[in-house]
There are 2 protein chains.
Amino acid sequence: MIRFAVLGHLAHTADDFSLNDMPGGAGRLDVLCRCVTTSLFLSHGMRRDVEVYLVLLGPPDPPRTILFSGENVRYLSPDERSAGSLIKKALDIHAGDEFRQSTPGVYVRKGGLEDLLSGHRFVLLDESGTDVRTVSSLPENYLLSDHMNLTEGEIMQTGDLPVFSVGPRALHADHTITVLQNELDRRAAGWTS
Amino acid sequence: MIRFAVLGHLAHTADDFSLNDMPGGAGRLDVLCRCVTTSLFLSHGMRRDVEVYLVLLGPPDPPRTILFSGENVRYLSPDERSAGSLIKKALDIHAGDEFRQSTPGVYVRKGGLEDLLSGHRFVLLDESGTDVRTVSSLPENYLLSDHMNLTEGEIMQTGDLPVFSVGPRALHADHTITVLQNELDRRAAGWTS
């Protein structure tokens, strides 16, 4: 199982925004929507072996984590509004300490980075890290930040994680995921160059 | 200058759609919007040396070509609605045989693939092609199809173009652009792996 987790520092934790204004009213939720799409979609199919964790840290009730399971997700199209709509529905149900399903393959719980790191061992994706192409064996779990840098607290929490980079320029989180998926695809298919 | 051109087989050629329904009412214009974003955006900046050509082939008056210039574009944010809004404005002005500017850095003209190919020499990006990582010198101009395959007529028109692939799996057009940009970034920065 491949897992991508994205920290949404401003992303709203209630169903209090319009799908027509996800960059503003939802706290750059558009970034997280694109991360869902690029993590899960192939040209004509889904990546069933991928999970996406969105860590929502904005108002009014942070943190919340929303999980999209590539194996089980339904009603998801590649456009931003589609992912945004499923996130709205997830934020509309009561969240407890364990994941609860809101729509098929989409789940929500209380908790954020600390709970995430206690469940799986992650690698941080950041342009300062080791080139992924030079890593002999790529791990399964990848953590990214949205358009904002990690906070001091998050740096403390992630200080012992390996840091990998997909390239020399600072990219959007969704673009970083796309490049990483390509590297995984190449290795799975035996493309050696 | 790097150029990406994307064929939008169903993409509407009039301002007759809602930004709330770009996948349906606008003929999968969401695909083209994401191609604009990934072609032009870095994490905190724009790729000023990139142009994006969207070839709109849907009703009511195809073909139309919309050009986004990374050097000159303004009022563009990374979300799909932002690119869609600028495309709507471009479709709202009279299009002639030459590009006319609709908003800063966005231009529209009549004409489609034939005009595109007469202006620049393109390489086709398709999963059947030669692995880009093995190509010693990458060209400047890349042609992609949206979610649909090339038509028989388009295959005839592009039959003599080189075909490059970014990886072993069939990806969305925007994801393909992202991976190609990464390969270009790596070469420009002297990353040799």
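This is a guided walk through a predicted model of two protein chains, A and B, and the places where they meet.

Let us begin with how the two chains are arranged. Chain B can be laid on chain A with an RMSD of 0.0 Å by a turn of 180° and a shift of 0.0 Å along the axis. That is the relation of a two-fold axis. To find the axis in chain B, look for B:Val179, whose C-alpha is the nearest to it in that chain, at 2.7 Å. The same surface serves both copies, with 100% of the contact residues of chain B recurring in chain A.

Now look at the contact itself. Chain A gives 40 residues to it, and chain B gives 40 residues as well. Between them the chains bury about 3700 Å², and 56% of this area is on carbon and sulfur atoms. On the side of chain B, the residues that lose the most area to chain A are B:Arg133, B:Pro168 and B:Trp191, which together account for 17% of what that side buries.

Which polar and charged links cross this interface? There are 21 residue pairs in polar contact between chain B and chain A, and the rule finds four salt bridges across the interface. A salt bridge to look for is the one between A:Arg186 and B:Asp131, where the closest N and O atoms are 2.6 Å apart. The general idea is simple: side chains of opposite charge can pair when their charged atoms come close.

Which elements of chain B give two or more residues to the side that touches chain A? They are α1 (29-40), β2 (41-42), α2 (80-91) and α5 (173-189). Of these, α5(B) gives the most, with eight residues. Sorted by class, this side of chain B has 13 nonpolar, 14 polar and 13 charged residues.

Two histidines of chain A let you see the contact from close up. A:His172 lies in the loop between β10 (163-165) and α5 of chain A. With a relative accessibility of 10%, A:His172 counts as buried, because the cut-off for buried is under 20%. The side chain of A:His172 reaches across to the backbone oxygen of B:Leu42 at 3.0 Å. Beyond its neighbours within four places in sequence, A:His172 is in contact with A:Arg34 of its own chain and with B:Phe41, B:Leu42, B:Ser43 and B:Pro78.

The second histidine, A:His175, has its place in helix α5 of chain A. A:His175 is also buried, at 5% relative accessibility. Its side chain joins that of B:Thr38 in a polar contact of 3.4 Å. Leaving aside neighbours within four places in sequence, A:His175 is in contact with B:Thr37, B:Thr38, B:Phe41 and B:Thr178.

Let us step back to the whole structure, where a search finds 26 salt bridges over all chains. Take the pair A:Glu80 and A:Arg34 in chain A, whose side chains meet at 3.0 Å, N to O. A:Glu80 lies in helix α2 and A:Arg34 in helix α1, so the salt bridge ties together parts that are 46 residues apart in sequence. A:Glu80 is buried, with a relative accessible area of 5%, and A:Arg34 is buried too, at 6%. Both belong to a network of salt bridges that links A:Arg28, A:Asp30, A:Arg34, A:Glu80 and A:Asp174.

Another pair is A:Arg47 and A:Asp185, a salt bridge with its closest N and O atoms 2.9 Å apart. A:Arg47 lies in the loop between β3 (45-46) and β4 (50-56) of chain A, while A:Asp185 lies in helix α5, so the pair ties together parts that are 138 residues apart in sequence. A:Arg47 counts as buried at 5% relative accessibility, and A:Asp185 is buried with a relative accessible area of 7%.

Our last stop stays within a single helix. The side chains of A:Glu183 and A:Arg187 meet in a salt bridge of 2.9 Å, N to O. Both residues lie in helix α5 of chain A, four residues apart, about one turn of the helix. Is each partner buried or partly exposed? A:Glu183 counts as buried, at 5% relative accessibility, whereas A:Arg187 counts as partly exposed, at 29%.

Notes
Residues numbered from 1 in each chain as written. Chains lettered and ligands numbered in written order. Predicted model: local features only at pLDDT ≥ 70, side-chain atom pairs only at ≥ 80, totals over all residues. Heavy atoms only, no water. Contact = heavy atoms within 4.5 Å. Buried area = accessible area lost by both parts, 1.4 Å probe. Polar contact = N/O pair within 3.5 Å; in protein donor to acceptor, adjacent residues only side chain to side chain. Nonpolar A, V, L, I, M, F, W, Y, C, P; charged D, E, K, R; others polar. Least-squares fit on C-alpha atoms with pLDDT ≥ 70 in both. Buried < 20%, exposed > 50% of the residue type's maximum accessible area, 1.4 Å probe, protein only.
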